[in-house]
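Reader: I would like to go through this model with you and ask how each label was earned. Could you show it to me before we start?

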Amino acid sequence: MSATSKAQQKAAGAALAAKRGDQPKSKLRGASKQMEESMTEKQLEEFASIARTKLPAKKG
């Protein structure tokens, strides 16, 4: 599974950074905080890995 929008990809990237310890978890808000808590590192990597040029700015 991969991100369906640039905003979703950005949230997944922030969550992945926090899960790896590159960024403090306290800086996460909203969707990125929920993603960090509910998804594995591998799932977050898949979400964040798609090329941004292929994604719309927002879903819908």
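Reader: How many salt bridges does a search of the whole structure find?

Author: The search finds 4 salt bridges. Please keep in mind that this is a predicted model, where local features need pLDDT of at least 70 and side-chain atom pairs count only at pLDDT 80 or more, while totals for chains, interfaces and linings use all residues. Residues are numbered from 1 along each chain as its sequence is written, and side-chain values use heavy atoms, with hydrogens and water left out.

Reader: What makes Glu36 and Lys19 a salt bridge?

Author: The term asks for a side-chain nitrogen of Lys or Arg within 4 Å of a carboxyl oxygen of Asp or Glu. The closest N and O atoms of Glu36 and Lys19 are 4.0 Å apart, so the pair is called a salt bridge. Glu36 lies in helix α2 (residues 30-38) and Lys19 in helix α1 (residues 6-20), so this pair ties together parts that are 17 residues apart in sequence. Helices here are DSSP runs of H or I with at least four residues, and strands are runs of E with at least two, numbered from the N terminus.

Reader: Why is Glu36 called buried?

Author: Buried means under 20% relative accessible area, exposed means over 50%, and partly exposed is in between (1.4 Å probe, protein chains only). Glu36 has 8% relative accessibility, so Glu36 counts as buried. Its partner Lys19, at 29%, counts as partly exposed.

Reader: How do you know that Arg20 forms a salt bridge with Glu41?

Author: Their closest N and O atoms are 3.0 Å apart, so the pair meets the cut-off. Arg20 sits in helix α1 and Glu41 in helix α3 (residues 41-48), 21 residues apart. Arg20 also meets Glu45 in a salt bridge, at 2.6 Å from N to O. Glu45 lies in helix α3 and Arg20 in helix α1, so that pair ties together parts 25 residues apart in sequence.

Reader: Why is Arg20 called partly exposed?

Author: Arg20 has a relative accessible area of 43%, which falls between the two limits, so partly exposed is the right label.

Reader: What makes up the largest nonpolar core?

Author: It has 9 residues in all, among them Ala11, Leu16, Met35 and Phe47. A nonpolar core is a set of buried Ala, Val, Leu, Ile, Met, Phe, Trp, Tyr and Cys residues joined through side-chain atoms within 4.5 Å. The largest share of this core, 4 residues, comes from α1.
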